[in-house]
Amino acid sequence: LTPFMHRIQLPRNMIENSMFEEEPDVVDLAKEPCLHPLEPDEVEYEPRSSRLLVRGLGENEMDEDEEDYESSAKLLGMSFMNRSTGLRNNAAGYRQSSDGSCSVPSLRTMVVCAIVLVIAVSVIMVIYLLPKCTFTKEGCHKKNHTMELIYPLATNGKRFPWAKTRLPSNVVPLHYDLVLQPNLTTTKFAGSVQITVNVIQVTWNIILHSSGLNITKATLTSAGWNQAKPVAVLEYPIRDQIAVVAPDALLVGQNYTLIIDYSSNLSDTYYGFYKVSYKDEHAEKRWLAATQFEPLAARSAFPCFDEPAFKATFLIKIQRDEQHSALSNMPKVQLSGIVQDEFSVSLKMSTYLVAFIVANLKNISKETNRTLVSIYAMPQKLGQVEHALDTAVKLLEFYQKYFHIEYPLQKLDLVAIPDFQAGAMENWGLITFRETTLLFDNKTSSAMDKKLVTAVIAHELAHQWFGNLVTMEWWNDLWLNEGFATFMEYFAMDRTFPELQTDEEFLKVRFKTMMKDSLNASHPISSAVQSSEQIEEMFDALSYIKGASLLLMLKKYIKHDSFQAGIENYLHNHSYGSTRSDDLWDSMNEITNGTLDVKKLMKTWILQKGFPLVTVKRQGKSLHVQQERFLRSVESENWTSDASYLWHIPLSYTTNKCNPFLCPYAYLLDQKSATIELQEEVAWVKFNVDMNGYYIVHYAEDDWNALIDLLKNNLTALSAKDRAHLINNIFSLVGIGKVPLLKAFHLLDYLVKENHTAPISQALFQVNLIYDLVEKRGMQDLAARVVDRVEKLLRSKIDQQTWTDDGTISEREFRSTVLAFACSHHLGNCRTTATKLFEEWKASNGTKSLPTDVMKTVFTTGAKTDDGWEFLLSMYTSSVSEAEKHKMLEALASTEDVRKLIWLMQTSLEGDLIRAQELSHIIATVIQSLPGHLLAWDFVKENWEKLIRKWHTLNLETAYIAQPEMHIFLTPQVKTFFESKSEKVSQLRCVKEAIETIQLNIKWMERNLATLQQWL
Ligand SMILES: [Zn+2]
């Protein structure tokens, strides 16, 4: 999955109301009282004792056993959830509302409730699962705790025979025969699934997933039986589980076929089997149905064993209207007449990768290496798919060569879906995309748009191996999928499209991820997860970017050839199987063959949150290096980091005596400190070459001065990435009080000579953060002085820019960055030129083409007048280029006219004129202006219930909470608001991150405001 814009914007587990309202037809349902059992998080791990007992909650036991249960629960990571309070002190088992009617927990409560689990369980799992209880102050818990096994109740009041979130492994699926009948007019669908299962341990029950499906009939057959036998189906919606109760014991080694008929509604969220409306080329409203199953929504399209390790083959048949056609993972076999599409049997795969689409799309195709690659889009957008086709073909060829494993399917479809929440989804053979991440329009797509499309295709194609062919066994190792796909995305682009210079993009996202990872609210990339909310919270920048950064560091350390051999080994060893992180390290260790223990090294990075700060002190030829955790803390001025953190850091450095090619990866720092002896004395030393390592470096004052002088006098002695890295490091160190702010600004003085995008955009990023803090405190004067200071350094560069699309990608990006900064701060004659271009464009009624790289800046400037804004809106509604619309929308949302901003947010929330998929982008833009950030906060507060219902929590992170630096003086309000929502909401990771960041911002201001005021 690619989150949109590399922010986390993923399909969330929208639990549909119907799930609670529908009752199974098979079992007796004489209006059972609707009970809502509390949801204890059952214990699946028993790290220290031999007896594992699992408990749910029974009706009456709780009161009697409560105290005992609570203490055990604390120990074992359970939390008690109650739909009214969510707190364990109200853990009264099942409850019935006073009127006897079925009271359905609100979605928000469901979502939020489970968040408590996230926190509690992850903390306890860390304590329990990490080797040697590394992070507990008390050491290991060794007591055996015995508890009775208690099962929850099914919807019909009978005992549900399974008490865990994870499915049992006594029955495994081998094959699914799935027939689906979606009706785009009624927006309902009917389905029938035949699942062939194999019995591993004798049992009377088959436990599998089902969510929101109205099951009408269920039977079971076996080769040994004369005929299919009807079976009872028990449902436990809280965990999306059903239990099929067999008429006889199911015998070990035997295969059985479970047949389930059911119906449901096409979802109106972006998750599961969902429907989307769009306007066709004649402006008529049409419907399309598509799927998004990752992570947990296959179960809402068909009953299945919905865990990644339960791989099986799938035969899919779609019955549809005559005017539509269907696509699925596999090629069509065209056997079954005009209203049914049948697809060939799939390879062995996980449920979350199954996909199908019913629509009226058009495509272009090209064959490569016996695979037919096709790009699908709405007919009127078929002119924008060629770039994607060429790119996909090239990348597919690259990956096959690089991994030495052929892409195993005969076809690969890439489909642009008109309303799509994430960036893209890697379904095997049928990859789905947001339109902006697949379509490329020569007239309106910029250099950055081209990079985005290429990157997303590279990411999803990498998944065809990392994720689809070899899959993580469980979501705790999601980083194996996402970290790898992200790493390969940049690597493949660098190899296949070097002119795009995407390695600098990778650097940029690493900087941002480290900001997040240096908060206390961060988490290890491999963290134990159970509940759906915990699983969804894993789809964050850490799994993606930190995962990729660690692989980059490893590759640089063990050298490219070993790294390639290691992953080839890994893919071969585990094709069509499931893996854990350790399997990857084992495959690498086969290559390093005792010279380096990759597992030992990498465990320190994936099982610990955060990253190290390496402090270097030079004395003659000796370099003293020392590591501690880099933590942005609000606690005290002189913080000391938690001493239990220790990383194995492959250190690299460059000096005036050796360039990066000659300088070795000199040292593996696996202790708190060490001394490196140089051959001779050097004038300067810079650690973490090109920032290929995931750590921040601090130097003694003399060494900082030497580096600052070097930048001023001989900047090419360091690479552009090294220069960007120094800027990033020094401002990060200002943030924790290790370096005075003036020194950081002093370093920036070299920018007069800088011509490269990476360092300039890093400098502008840091300056903008400071500008925002000052401006949003209402200190406009001081904010202007901050900008003045930077303008002096960049003035000549701003003046040199032309308003064209000429030059290399890097030059084009540079122009785009510098002019956007200049126009937004009214520097030079930027706005005059932009206004002139806008007026010409407007006079031509939008037909005159604008340079794509500065198009957004032109629109933004034009949208500052009422006339311009209105015209832009009218063009927005008629444009067929998503790339252009994206720029227009950002311009519309950057106005400071409060009424317009409210209208935009409201309209997108409704989702008609402006698609709902755009709302987070709108809010993220609105928030940047001074009036906007207050407004956006009000909007979020007022619509909290709707937002969390439609987008879940992680999208709020993207939209609002991920921008906490924008609302420094709102702290008490932010805190009070979230606390008023309940303890559960204030426990959300994104909320914790927001509050932590706000406090850090306040701290930053306390520390640096006086300096700024005096100096500027
Ligand atoms: Zn992905």
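Let's start with disulfides. How many does the structure hold? One. Keep in mind that this is a predicted model. The partners are Cys823 and Cys830. Their sulfur atoms sit 2.1 Å apart. For anyone new to the term, a disulfide is a covalent bond between the sulfur atoms of two cysteines. Which hand does this one have? The torsion about the S-S bond of Cys823 and Cys830 is about -100°, so the disulfide is left-handed. Both cysteines, Cys823 and Cys830, are buried.

One more cysteine before we move on. Cys304 has a relative accessibility of 0%. Buried means under 20%, so Cys304 counts as buried.

Next, the sheet. It is an open sheet of seven strands. Read across it and the order is β5-β4-β8-β2-β1-β11-β13. The pairing is mixed. Which strands are at the edges? They are β5, residues 229-230, and β13, residues 340-342. Each of those two pairs on one side only. A quick reminder: strands of a sheet pair through backbone hydrogen bonds, either parallel or antiparallel.

Let's walk through part of that order. Take β1, residues 171-183, and β2, residues 188-199. These two run antiparallel, and 12 bridges join them. Want one pair to find on screen? Look for Val179, whose bridge partner in β2 is Ser192.

Now the other neighbour of β1. That is β11, residues 313-319. Do β1 and β11 pair in the parallel or the antiparallel sense? Parallel, over six bridges. Here His175 stands opposite Thr313 in β11.

One step further takes us to the edge. β11 and β13 run antiparallel, joined by three bridges. Ile318 has its bridge partner in β13, and that partner is Asp341. While you are looking at strands, remember the side chains. In a regular strand the side chains alternate between the two faces of the sheet.

On to a residue with an annotation. UniProt, in an unreviewed entry, lists Glu460 under "active site". Where is Glu460 in the model? Glu460 lies in helix α5, which covers residues 447-463. Is Glu460 buried or exposed? Its relative accessible area is 0%, so Glu460 is buried.

What does Glu460 touch, once residues up to four places away in sequence are set aside? Start with Leu1 and Thr2. Then come Ala424, Met425 and Glu426. Ile431 and Phe433 complete the list. One of these neighbours deserves a closer look. A polar atom of the Glu460 side chain lies 3.2 Å from the backbone nitrogen of Glu426.

Now the aromatic rings. The structure holds 43 aromatic pairs. I'll show you two. The first is Phe398 with Phe491. Their ring centres are 6.2 Å apart and their planes meet at 55°, so this pair is tilted. Why does the pair matter for the layout of the chain? Phe398 is in helix α4, residues 386-403, and Phe491 is in helix α6, residues 478-496, so the pair ties together parts that are 93 residues apart in sequence. Phe398 and Phe491 are buried.

The second pair is Tyr490 with Phe506. Is it stacked or tilted? Stacked, at 4.4 Å centre to centre and 5° between the planes. Tyr490 belongs to helix α6 and Phe506 to helix α7, residues 503-517, so this pair ties together parts that are 16 residues apart in sequence. Tyr490 and Phe506 are both buried as well.

Ring pairs also build a cluster. Its members include Phe398, Tyr399, Tyr402 and Phe403. Trp465, Phe491 and Tyr570 are among them too.

Last stop: two serines in loops. Ser849 is in the loop between α19, residues 830-843, and α20, residues 852-862. Its relative accessibility is 45%, so Ser849 counts as partly exposed. Ser849 and Leu837 are 12 residues apart along the chain, and their C-alpha atoms are separated by 9.8 Å.

Ser879 is in the loop between α21, residues 866-878, and α22, residues 882-892. At 12% relative accessibility, Ser879 counts as buried. Which residues does Ser879 contact, leaving aside neighbours within four places in sequence? Glu884 and Lys885.

Terms used
Residues are numbered from 1 along each chain as its sequence is written. This is a predicted model: local features need pLDDT of at least 70, side-chain atom pairs count only at pLDDT 80 or more; totals for chains, interfaces and linings use all residues. Side-chain values use heavy atoms; hydrogens and water are left out. Two strands pair if DSSP finds at least two bridges between them. Helices (H or I, at least four residues) and strands (E, at least two) are DSSP runs, numbered from the N terminus. UniProt positions are given in the numbering used here, feature names are shortened, and annotations may be inferred rather than shown by experiment. Buried means under 20% relative accessible area, exposed over 50%, partly exposed in between (1.4 Å probe, protein chains only). Contact means heavy atoms within 4.5 Å. A polar contact is a pair of N or O atoms within 3.5 Å; within protein, one must be able to donate a hydrogen and the other to accept it, and residues adjacent in sequence count only if both atoms are side-chain atoms. A disulfide is a pair of cysteine sulfur atoms within 2.5 Å. Rings of Phe, Tyr and Trp (its six-membered ring) pair if their centres lie within 6.5 Å; planes under 30 degrees apart count as stacked, over 60 as edge-to-face and the rest as tilted.
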